[in-house]
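Subject: Structure handover and notes on what was found

Dear colleague,

Please find below the structure I promised to pass on to you, together with its sequence. My notes follow directly after it, arranged by topic.

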Amino acid sequence: MKLLAACLAILLLAMIAKTYLFSFRFQSPRDYAQTGPQFDLKTHLSGEILSEGLIFGPSGQMTNSFTAKMVGTWEGDTGTLTEEFTYSNGKTQSRKWYLTLGANNTFTATADDLVGEARGVVSGSTVRLSYEIILPKESGGHTLQATDWMYLTADGAIMNKSEMRKFGLKVAELIATMRPI
């Protein structure tokens with residue numbers, strides 16, 4: 001019986017280690033420091049951008065898809081990214097990010113549906129952004145912890161993967177492409 005309990009404890013610890021040490025949200029910007037092409041927020045989040053994506057629920061099943069027309073503008077180290085979403089369920093959503101570049105490839109961002117400021121870092125061909133987002137009331141109104149990674153490809157497309165968590169458990173995932181129009 002003690003052997004079974006010890007095996008179960010080891011299995012549980014291995015599952016926790018995998019979840020917290022070897023998962024998507026624990027990759028580091030330094031993992032991508034030497035990658036290219038170099039992601040530049042002012043360049044790659046400027047002008048008209050078309051985004052297409054999928055949203056997955058906690059079981060991994062796709063729950064919705066979307067297209068978004070985005071427009072990025074910059075004045076010095078301050079930018080805005082306006083997003084107009086159309087979802088496969090017929091709903092629409094407008095969002096606007098306010099971006100401020102900081103020192104050492106860092107930046108902050110705010111939006112109406114965030115709690116406080118998002119914190120971001122650019123490293124090589126990637127951007128990591130961490131924030132708390134408040135879902136619309138029709139989606140439950142929950143506050144989720146989000147981790148976004150954007151990966152710049154050689155042809156200028158951006159691949160975006162986001163995980164949203166509640167109480168540390170993954171409740172949603174988003175995969176999207178972003179291409180200049």
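In this predicted model, ten strands form a closed barrel that runs in the order 1-2-3-4-5-6-7-8-9-10, and the pairing in it is antiparallel. Neighbouring strands of this sheet are turned against each other by 25° on average, with direction ignored. The strands 1 and 10, comprising residues 47–56 and residues 169–180, run antiparallel and are joined by eight bridges; on this seam, Phe 56 has Glu 173 of strand 10 as its bridge partner.

As for the chain that carries the barrel, it contains two helices and ten strands, and when it is read along the sequence these elements follow the pattern α-α-β-β-β-β-β-β-β-β-β-β. The C-alpha trace spans about 65 × 40 × 30 Å along its principal axes, and of the 181 residues in the protein chain, 37% count as buried.

Two further pairings in the barrel may be worth a look while you have the model open. Strand 6 (residues 114–123) and strand 7 run antiparallel and are joined by seven bridges, with Val 121 standing opposite Arg 128 of strand 7. The hairpin that these two strands make has two residues between the strands, and Gly 124 takes a positive phi near 60° in it. Strand 7 also pairs with strand 8, again in the antiparallel sense, over nine bridges, and here Ile 134 stands opposite Thr 143 in strand 8.

The next topic is the pocket, which I expect you will want to inspect yourself. The largest pocket has a volume of about 1,000 Å³. It is lined by 43 residues, of which Ile 55, Tyr 87, Gln 93, Met 164 and Leu 174 are the closest to its centre. By class, the lining consists of 27 nonpolar, ten polar and six charged residues. Which strands each supply at least two residues of this lining? They are strand 1, strand 2 (62–75), strand 3 (78–87), strand 4 (92–101), strand 7 (126–134), strand 8, strand 9 (158–166) and strand 10.

Finally, there are the aromatic rings, for which the count comes to seven aromatic pairs. One of them joins Tyr 32 to Tyr 151 in an edge-to-face arrangement, at 5.8 Å centre to centre and with 75° between the planes. Because Tyr 32 lies in the loop between helix 1 (2–21) and helix 2 (41–44), while Tyr 151 belongs to strand 8 (residues 143–152), this pair ties together parts that are 119 residues apart in sequence. Is Tyr 151 buried or partly exposed? Its relative accessibility is 22%, and since the buried class holds only residues under 20%, Tyr 151 counts as partly exposed.

A second pair, formed by Phe 85 and Tyr 87, is stacked, with 5.7 Å centre to centre and 10° between the planes; both Phe 85 and Tyr 87 are buried. Tyr 87 thus appears in two of these topics, as it is also among the residues closest to the centre of the largest pocket. Ring pairs also link Tyr 32, Trp 149 and Tyr 151 into a cluster.

With best regards

Note on methods
Residues are numbered from 1 along each chain as its sequence is written. This is a predicted model: local features need pLDDT of at least 70, side-chain atom pairs count only at pLDDT 80 or more; totals for chains, interfaces and linings use all residues. Side-chain values use heavy atoms; hydrogens and water are left out. Two strands pair if DSSP finds at least two bridges between them. Helices (H or I, at least four residues) and strands (E, at least two) are DSSP runs, numbered from the N terminus. Axes are lines fitted to C-alpha atoms, for helices over the stretch in contact, and angles run from 0 to 180 degrees between N-to-C directions. Rings of Phe, Tyr and Trp (its six-membered ring) pair if their centres lie within 6.5 Å; planes under 30 degrees apart count as stacked, over 60 as edge-to-face and the rest as tilted. Buried means under 20% relative accessible area, exposed over 50%, partly exposed in between (1.4 Å probe, protein chains only). On a 1 Å grid over the protein atoms alone, a cavity is a set of points where a 1.4 Å probe fits but cannot get out, and a pocket is an open set with protein on both sides within 12 Å along at least five of seven lines; lining residues have an atom within 4 Å of a point. Grid points are joined across faces, edges and corners, and a volume is the space filled by probe spheres set on the points. Ala, Val, Leu, Ile, Met, Phe, Trp, Tyr, Cys and Pro count as nonpolar, Asp, Glu, Lys and Arg as charged, and the others, Gly among them, as polar.
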